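Welcome to this short tour! Open your viewer, get your selection tool ready, and follow along stop by stop.

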Amino acid sequence: MSIGTPQQLEQLHHECSAARDRFQKRVIVCCGTGCLANGAAAIVGAFQKALREREINGFTVEAVKETGCHGFCEQGPLVVIEPQGTFYTRVKPKDVAGIIDKSIAENQVIETLLYKNPVTQTRIERYPDVPFFSHQQRIALRNLGKIAANDIREYVAVGGYQALAKALTTMTPDQIIKDITTSGLRGRGGAGFSTGKKWRTCASVKDERRYVICNGDEGDPGAFMDRSIMEGDPHSVLEGMMICAYAVGSQQGYIYVREEYPLAVIHLQKAIDDCEREGLLGDNILGTGFSFRIRIARGAGAFVCGESSALMKSVAGEVGEPRAKYIRSVIKGLFDKPTVLNNVETFANVPIIISNGADWYKSIGVPNSTGTKAFSLVGKVKNTGLIEVPMGITLREIIYDIGGGIINDRPFKAVQTGGPSGGCLPESKLDLQVDFDSLTAAGSMMGSGGMIVMDDRTCIVDVAKYFLEFLVSESCGKCVPCREGLYQLHRIVTRVTEGNATEEDLARAEKLSEAIVTGSLCGLGQSGANPFLSTIRYFRDEYLVHIREKRCPAGVCKPLIRYEINDKCTGCMACITACAYTAITGKKKQIHVLDQDKCTKCGACFAVCTYQAIDVI
Amino acid sequence: MNHDFSRLPELIERHGRSPESLIMILQEIQREYRYLPCEALMQTAEALGVPLSRVFSAATFYNVFSLNPKGEKVIRVCVGTACHIRGAKLIQDQLENFLNIKAGNTSEDMKYTLEVVACVGACAMAPVVTVNEKYHGSVNPGRVKKLLKDK
């Protein structure tokens, strides 16, 4: 059916949720990128094959629901049996028959498939009780892991597009903008600009055409929140864009999705097609006279295209070089028309703010940073994955309560937030509140939400070098401070990792950083020196050890280390197999020998040795 | 290299003959031929009515486009931050050694292309390697050889 009026939407909502409630049992398989990589497709296949008869032992069972990412990717593939909420991790196809016989037919729990708490070693049965989930508050990620990503009926069943109907029929554009402003929602792409203010400016410019763009470029290495939302709940992004378009008076929207996310493109396109078919996109939406269309624009692999003016160039089919922004994009953006550009997570928040009201949203988080923020918690932390927490939570709570602490209980060294433009925060900052202003004051930033945890085996100078290398290769080259400055800064930091730098070099690097920050054209360059500035601020000692003692304390910088085999070697041959350069020789059950001349210091032997028989010196 | 360019007009037409469609069209061409043949770029410039220099600047600006043919298997090592911290460089070293090519190159028999990418957005499973868009998570040095044999 097509949805021509709010009443028809309401009717479809009842119909779809009744269809959901018809089932007494529901098997939910996570099909986010992480779980798919771990073999979720085979699990879905096995369930579909076995569950052809939908009635099992008196229970009406819904075959399989393929949802978006739950966020707990490392434990995948994940299977949830509703309504009990039984949560199985690392499921294999051979487990499927047992799950059907025991958990579905008999209501029993299979102990071995349950999640084991790494701290207490106890098994946990229901997913809301798993610490990874219990400390979270999910607003932008509200539907992930709950509804089938590719089915508009599922979204409507949980109240989808009700916010759009409310906005179109009971609110004026001005009221919507007021609500969004009052809610305190700040742009989740990183800069944290007030979303309401942005919309207000765009709406106030006199022009016939204006555009709404969703930034799905998410180029920050180490971040994947937007990917998960676009793949797992595309309709909430579309609904947010539609509400925005109505509020600012736009008829055309674009979603810019980066090249590396093909599944996001497929799911978004399906969602757009479904909306067009149902009449939720196109002319006269819900019979209100409002018309809006959305097109997908695909990126082609350029980090700088996450910058608003570069992104708009790219949407227009040009090379994605930014421009100086003495006139902002809300006034003169895509095709020189007023343009609102928000990121995926920002738009995903919009429908629920309209539904629940600005005051409800404002009550979550802290005064200057309201609501929640999604992070990808990754690196040397036990529970990696996608999380959403209220603003104001501390770094310690995120890393230790949700993340479960550092892998192998090694010492914590730093947490990197904000992507290449952000910074590394040391242990002394673990009790820092996570919100836009606190992070910036501490020399880092919110960024799009990558949170990379590092232990004592991570070299901070190497991390700075890594980010600078990335920025050098991703600089578009249009302005000199960014193009040449970052290149020279990278050279200096590289010399530190090789043991060839002096303390004067560090002073020079700090001066150069100042020039890059003040002289660059766009955000990439203006924050391009941050990897160096934030690491030198908190970890100057580590730089000095590299310079004065020609030593890398973390054992990472190749020119400053060597590997040696000690007498704990059991002669298991694992390192010999792993060594790609035949630098290790020896027989079974005899201590192996490492030839320093052949060794490239790749560290493969160290990575595979389970007997601590390899020293990094 | 000899190519059949008969489908080219259709690929160009797919997104409309306007300069705005340039990047989308280049992507179609790249998907069809696994790189951007010179002939195709010239025809695109003509069809869209834009200078060839503009087509070339887009083709060389964006990472995804290649002016050289790629191999049957495109192996991408993710070197995003999470992967870097968990040893992506080591995986890259090993692949370079086993395939005997440096990242960014294609083996002489046209079987493999090895690339490094900034982030594939599967950070929770770091380090990640993709083989023709199939994801392999938590790759360790012991698994690299097996990964190459994987279909």
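**Stop 1: where the chains meet**

Colour chain A and chain B separately: between them they bury about 3,900 Å², with 58% of that on carbon and sulfur atoms. Keep in mind that this is a predicted model. Now select A:A300, A:V319 and A:Y466. These residues supply 14% of the area that chain A buries against chain B, more than any other three residues. To see the whole contact, you would need to select 63 residues from chain A and 39 residues from chain B.

How many salt bridges are counted between chain A and chain B? The count is two. To visit one of them, select B:D93 and A:K558, whose closest N and O atoms are 3.0 Å apart. Polar contacts cross the interface too: 23 residue pairs make them, counting pairs with both residues at pLDDT 80 or more.

Next, look at which elements of chain A face chain B. Those giving two or more residues include α2 (33-37), β11 (290-298), α13 (308-315) and α24 (604-608) of chain A. Then highlight α18(A), which brings six residues, the largest share of this side. Colour the side of chain A that touches chain B by residue class, and you get 36 nonpolar, 14 polar and 13 charged residues.

**Stop 2: a sheet and its helix**

Stay in chain A and show the strands in the order β16-β15-β19-β17-β18: they form an open sheet of five strands with mixed pairing. Which strands are at the edges? Select β16 (385-390) and β18 (423-426) of chain A, each of which pairs on one side only. Looking along the sheet, you will find neighbouring strands turned by 30° against each other on average, direction ignored.

Zoom in on β17 (residues 412-417) of chain A, which runs antiparallel to β19(A) and is joined to β19(A) by five bridges. Within this pair, A:F412 stands opposite A:D455 in β19(A). Now bring back α18(A), the helix from the interface: α18(A) lies across β17, β18 and β19 of chain A, at about 15° to β17(A).

**Stop 3: another sheet in chain A**

Select the strands β10-β11-β9-β8-β12 of chain A, in that order, for an open sheet of five strands with mixed pairing. At its edges stand β10 (282-285) and β12 (339-343) of chain A; each has a single partner strand, so one side of each is left without a neighbour in the sheet. The twist here averages 25° from one strand to the next.

Is the pairing of β8 (residues 211-216) of chain A with β12(A) parallel or antiparallel? The two pair in the parallel sense, over five bridges. Pick A:C214 and you will find A:N342 of β12(A) opposite. Add helix α14 (residues 344-356) of chain A, which lies across β8 and β12 of chain A at about 95° to β12(A).

**Stop 4: two crossing helices**

Show α19 (residues 480-498) and α22 (residues 530-548) of chain A, whose axes come within 10 Å and cross at roughly 35°. Turn on side chains to see who meets whom: A:L489, A:V493, A:V496 and A:T497 in α19(A) meet A:F532, A:Y543, A:H546 and A:I547 in α22(A). By class, this contact has six nonpolar, two polar and no charged residues.

**Last stop: chain B**

Finally, hide chain A and look at chain B, with its seven helices and four strands. Follow the sequence and you can tick off the pattern α-α-α-α-β-α-α-β-β-β-α. The C-alpha trace of chain B spans about 50 × 30 × 25 Å along its principal axes.

Methods. Residues are numbered from 1 along each chain as its sequence is written. Chains are lettered from A and ligands numbered from 1 in the order in which they are written. This is a predicted model: local features need pLDDT of at least 70, side-chain atom pairs count only at pLDDT 80 or more; totals for chains, interfaces and linings use all residues. Side-chain values use heavy atoms; hydrogens and water are left out. Contact means heavy atoms within 4.5 Å. Buried area is the accessible area (1.4 Å probe) that two parts lose on being put together, summed over both. A salt bridge is a side-chain nitrogen of Lys or Arg within 4 Å of a carboxyl oxygen of Asp or Glu. A polar contact is a pair of N or O atoms within 3.5 Å; within protein, one must be able to donate a hydrogen and the other to accept it, and residues adjacent in sequence count only if both atoms are side-chain atoms. Ala, Val, Leu, Ile, Met, Phe, Trp, Tyr, Cys and Pro count as nonpolar, Asp, Glu, Lys and Arg as charged, and the others, Gly among them, as polar. Two strands pair if DSSP finds at least two bridges between them. Axes are lines fitted to C-alpha atoms, for helices over the stretch in contact, and angles run from 0 to 180 degrees between N-to-C directions.
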